[in-house]
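Please open the model in a viewer and keep the sequence panel visible. The stops below proceed by selection, each followed by a description of what is found there.

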Amino acid sequence: KRNHSHVETLQAAVTSETAAGIITYTASVVFENATYTDTKTANAHEVIRISGKNRYETCIKIADYFIERSGSDKLPAVVLATGKDFPDALTGAYLANVNNAPIMLIDASSSARITTYIKNHLAADGTVYVLGGKGAVDDSWLADLSGYTVKRMNGKNRFETNLSILEESGAKGGDIFVCTGSNYADSLSASGIRMPILIVGGPLSDEQKQYLEGGIVKKLRPDTMIGAMAAYISDPNI
């Protein structure tokens, strides 16, 4: 007691108990015939990292996890997009959501690996939704999928492709996110919500205005939307 350099280190015995999503850890140690305890609590949520050596291997791992969580050994659909750019895959998030499908990325070097995976895991009556034109996802990459229903959604640019995806997803009327199409951050933030996304790059095109008729628009980041949308729009006649 007079010399604080005299320290004895003891190994505590630790137990844990989980109830109502909370883990309670209890540490106990005996010193000079007395028992000392302390408790700490933590959320019981599990942290899972899904990764591969590149974006294409990672999307396969995500698809594996998707299948595991679904409780089925086959996928009802797959959404296929280029891994070289972001707009098609991001705006396809809602299409994937409503079809209970993972998004899989593809390029020339990964096409054989990705299409083989799809053949092994897609149900016989499943659908492959291809996002973008041939410049994004070449027809030759899809040759092995000829036995499946393959639907391509494309346009002359990312904005027309976006509208084609929205039409295919059945998103007509109701709430919709409007995000800039020149960068990925805003649409990525919105993609996890079960709500369709319209990307814009300036003043709305006639096709975009026509699509929005009768809907309600939630605008993200007004600084990125100048010239495209100036306020929260609730007028069904806009």
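Two strands are taken to pair if DSSP finds at least two bridges between them. The model is a predicted one, and residues are numbered from 1 along the chain.

**First stop: the open sheet**

Select residues 13-19, which form strand E1, together with residues 22-31 of strand E2 and residues 34-43 of strand E3. These 3 strands make up an open sheet, ordered E1-E2-E3, with antiparallel pairing. E1 and E3 are at the edges and have a single partner strand each, so one side of each lacks a neighbour in the sheet. From one strand to the next, the twist averages 20 degrees.

Now restrict the selection to E2 and E3. The two strands run antiparallel and are joined by 10 bridges. To find one position in this pairing, display Ile22, which stands opposite Asn43 in E3.

**Second stop: strand E4 and its partners**

Select residues 75-82, strand E4. Is this strand mostly covered or mostly uncovered? Of the 8 residues in E4, 7 are buried, so to speak of it as mostly covered rests on a relative accessible area under 20% for each of those 7.

Add residues 122-131, strand E6, which pairs with E4 in the parallel sense over 5 bridges. Then add residues 103-106, strand E5, whose pairing with E4 is also parallel and comprises 4 bridges. Val79 is a useful residue to label here: it stands opposite Tyr129 in E6 and opposite Ile103 in E5.

**Third stop: an aromatic pair**

Which aromatic pairs does a search of the whole structure find? The search returns 1 pair. Select Phe86 and Tyr184, whose rings are arranged edge-to-face, at 6.0 Å centre to centre and with 65 degrees between the planes. The pair links distant parts of the chain, 98 residues apart: Phe86 is in the loop between E4 and helix H2 (87-91), and Tyr184 in the loop between strand E8 (174-180) and helix H6 (185-191). Tyr184 has a relative accessible area of 43% and is therefore partly exposed.

**Fourth stop: the largest pocket**

Display Cys59, Ile62, Ala89, Ile103 and Leu105, which lie nearest the centre of the largest pocket among its 21 lining residues. Elements that contribute two or more residues to this lining are helix H1 (55-70), H2, helix H3 (93-98), E5 and H6. H1 provides the largest share, 5 residues. Colouring the lining by residue class gives 13 nonpolar, 6 polar and 2 charged residues. The volume of the largest pocket is about 480 Å³.

Note on methods:
This is a predicted model: local features need pLDDT of at least 70, side-chain atom pairs count only at pLDDT 80 or more; totals for chains, interfaces and linings use all residues. Side-chain values use heavy atoms; hydrogens and water are left out. Buried means under 20% relative accessible area, exposed over 50%, partly exposed in between (1.4 Å probe, protein chains only). Rings of Phe, Tyr and Trp (its six-membered ring) pair if their centres lie within 6.5 Å; planes under 30 degrees apart count as stacked, over 60 as edge-to-face and the rest as tilted. On a 1 Å grid over the protein atoms alone, a cavity is a set of points where a 1.4 Å probe fits but cannot get out, and a pocket is an open set with protein on both sides within 12 Å along at least five of seven lines; lining residues have an atom within 4 Å of a point. Grid points are joined across faces, edges and corners, and a volume is the space filled by probe spheres set on the points. Ala, Val, Leu, Ile, Met, Phe, Trp, Tyr, Cys and Pro count as nonpolar, Asp, Glu, Lys and Arg as charged, and the others, Gly among them, as polar. Axes are lines fitted to C-alpha atoms, for helices over the stretch in contact, and angles run from 0 to 180 degrees between N-to-C directions.
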